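Grab a pen and open the viewer. Try each exercise yourself before reading its solution.

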Amino acid sequence: MTTLAILTAAGSGTRLGRDVPKALVDLGGSPLVLHAARCLAASGVVDRIVVTAPAGLAGAVSDVVAADAHVACPVRVVDGGPTRQASVAAGLALAGPEDDVVLVHDAARPLAPPELVRRVVAAVRAGHPAVVPGLPVTDTIKRVSPAAATRASAARPDPGPVVERVVDTPDRALLRAVQTPQGFDRALLQRAHAAGAARAAQEDVAATDDAGLVEALGEEVHVVAGEESALKITTERDLALARVLLEGRR
Ligand code: C5P
């Protein structure tokens, strides 16, 4: 009975505007992917890590992660795919029958603490086959119809700024902003990826998280408490906040 962690690191991260993929962007002296791998290894509940690397960079990612003294478990690096979903599927292909639990974690969340990894794995091992960490949301969230649909109905010569029509306002108390690592019974995750495989090639239809594929099967997904420090790095502002958090830890 072992836990395999798939560490997704194959994205380009264009919104950071760097000349290296996001997973290789530096945070306090180490690339994001190395921080994330260290967090998985430090949890003590991960037996193996498979990293999905950007095209042509598997060797560079392997040099960084597999050679690190703090990443004590075995690491393999595979080429990622055109979408996150495809990258996870590429990592999942390396799961074996001995891996009863599979975690999927984003290199874009480099500071997820080891206790979060342990919490997710503990919930899966306690009998919940699909588990995601989540935080209550503080903003009021509105569901909208696409801007294009709204604009098409504007008959005026100058339609003004782009607007989106509000469809409804979900009860905020029932919303959670979900994070990674997400944890799964391995057979369930394989079934979810097999069923959703047709979506994997195209960004506009691909799943943005693995729990979504499990939900599409009609299977239950459960939420455990997330962590503020597991924030996702998308913009320079996120990176600046992560630097502050890292300094605080040191
Ligand atoms: O682009 P985004 O930040 O949503 O990506 C989430 C995670 O998925 C990142 O860690 C990124 O490296 C990874 N990813 C991937 N393969 C892709 C796209 C994203 O492994 N094709």
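Two exercises follow, one on the ligand and one on the cysteines.

A word on the ground rules: this is a predicted model, where local features need pLDDT of at least 70, side-chain atom pairs count only at pLDDT 80 or more, and totals for chains, interfaces and linings use all residues. Residues are numbered from 1 along each chain as its sequence is written, and side-chain values use heavy atoms, with hydrogens and water left out.

**Exercise 1.** Work out which residues come nearest to the ligand and which polar contacts its oxygen atoms make.

*Solution.*

Step 1. Start with the shell: a residue belongs if one of its heavy atoms lies within 4 Å of the ligand. There are 15 such residues, and T8, G11, K22, S87 and K232 come nearest.

Step 2. Sort the shell by type. You get five nonpolar, six polar and four charged residues, with Gly counted as polar.

Step 3. Look for polar contacts, meaning pairs of N or O atoms within 3.5 Å. A polar backbone atom of A10 is 2.9 Å from a ligand oxygen, and one of A107 is 3.3 Å from a ligand oxygen. T52 uses a polar side-chain atom, 3.2 Å from an oxygen of the ligand.

Step 4. Check the cover. On its own the ligand exposes 460 Å², and the protein buries 84% of that (Shrake-Rupley method, 1.4 Å probe).

**Exercise 2.** Explain why C39 and C73 don't form a disulfide with each other.

*Solution.*

Step 1. Recall that a disulfide is a covalent bond between the sulfur atoms of two cysteines. The cut-off here is sulfur atoms within 2.5 Å.

Step 2. Find the closest partner. For the sulfur of C39 that is the sulfur of C73, but at 11 Å it's too far for a bond.

Step 3. Search the whole structure: zero disulfides turn up.

Step 4. Buried or exposed: which is C39? C39 is buried at 6% relative accessible area, and C73 is buried too, at 13% (buried means under 20%, exposed over 50%, partly exposed in between, with a 1.4 Å probe and protein chains only).

How values were computed:
A polar contact is a pair of N or O atoms within 3.5 Å; within protein, one must be able to donate a hydrogen and the other to accept it, and residues adjacent in sequence count only if both atoms are side-chain atoms.
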